[in-house]
Amino acid sequence: IWRDICKAAGVGGELPPWQIVRERRATFEATPEQNALRPGAPTAYKNLFLAGDWTDTGLPATIEGSVRSGNRAADLVLAMRQG
């Protein structure tokens, strides 16, 4: 696959050093109790908003949740700038 990556990206050379890091605590436990602790985008600071798959998006911690979260934070920033 490295040759395909080089071709697609227009780069060359040997496969760079790499390692797999396995973290058992990387994903939160998706229980109702833990889900209730997920923060929303607004914070106590008027110019700070949270985004990420771990925020309260209504979705599990997935790429779709991340996208929804980023869109929500961006909407809040725009609303703050217009108001």
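In the next few minutes I will walk through a predicted model of one protein chain, residue by residue at a handful of positions.

Let me start with confidence, since this is a predicted model and everything after depends on how it was scored. The mean pLDDT of the protein chain is 90, and 100% of its residues reach 70 or more. Confidence is lowest in helix α2, residues 32–35, where the mean is 89, and it is highest in helix α3, residues 63–82, at 94.

Most of what I want to show sits in the loop between α2 and α3, and I will begin there with Thr-55. Is Thr-55 buried or exposed? Its relative accessible area is 2%, and because buried means under 20%, Thr-55 counts as buried. Leaving out residues up to four places away in sequence, Thr-55 touches Arg-38, Pro-39, Leu-50 and Ser-69. There is also a polar atom of the Thr-55 side chain that lies 2.8 Å from the backbone oxygen of Gly-52.

One of those partners, Pro-39, belongs to the loop between α2 and α3 as well. With a relative accessible area of 29%, Pro-39 is partly exposed. Again not counting residues up to four places away in sequence, Pro-39 touches Leu-50, Trp-54, Thr-55 and Asp-56, so that Leu-50 appears both in this list and in the list for Thr-55. If you look instead towards Pro-17, which is 22 residues apart from Pro-39 along the chain, the two C-alpha atoms are separated by 37 Å.

The next residue in this loop is Thr-43, which is also found between α2 and α3. Thr-43 is partly exposed, at a relative accessible area of 27%. Which residues does Thr-43 contact, once its neighbours within four places in sequence are set aside? They are Leu-48, Phe-49 and Leu-50. Its side chain makes two approaches to backbone oxygens that I would point out: the one of Tyr-45 is reached at 3.1 Å, while the one of Leu-48 lies 2.7 Å from a polar atom of the Thr-43 side chain. For a longer-range distance, the C-alpha atoms of Thr-43 and Asn-71, 28 residues apart along the chain, are separated by 16 Å.

Ala-36 is another member of the loop between α2 and α3, and here the relative accessibility is 64%, so Ala-36 counts as exposed, the cut-off for that class being over 50%. Its C-alpha atom and that of Arg-24, which is 12 residues apart from Ala-36 along the chain, are separated by 21 Å.

Finally, let me move to the loop between α1, residues 2–9, and α2, where Leu-15 is placed. Leu-15 is partly exposed, with a relative accessible area of 48%. Together with Trp-18 and Ile-20, Leu-15 makes a nonpolar surface patch of about 410 Å².

To close, I would keep two residues in mind: Thr-55, buried at 2%, and Ala-36, exposed at 64%.

Conventions. Residues numbered from 1 in each chain as written. Predicted model: local features only at pLDDT ≥ 70, side-chain atom pairs only at ≥ 80, totals over all residues. Heavy atoms only, no water. pLDDT = per-residue confidence, 0-100. Helix = DSSP H or I, 4+ residues; strand = E, 2+ residues; numbered from the N terminus. Buried < 20%, exposed > 50% of the residue type's maximum accessible area, 1.4 Å probe, protein only. Polar contact = N/O pair within 3.5 Å; in protein donor to acceptor, adjacent residues only side chain to side chain. Contact = heavy atoms within 4.5 Å. Patch = residues over 30% accessible without salt bridge, like charges linked within 9 Å, V, L, I, M, F, W, Y side chains within 5 Å. Areas by Shrake-Rupley, 256 points an atom, 1.4 Å probe, with all protein chains shown as cover. Salt bridge = Lys/Arg side-chain N within 4 Å of Asp/Glu carboxyl O.
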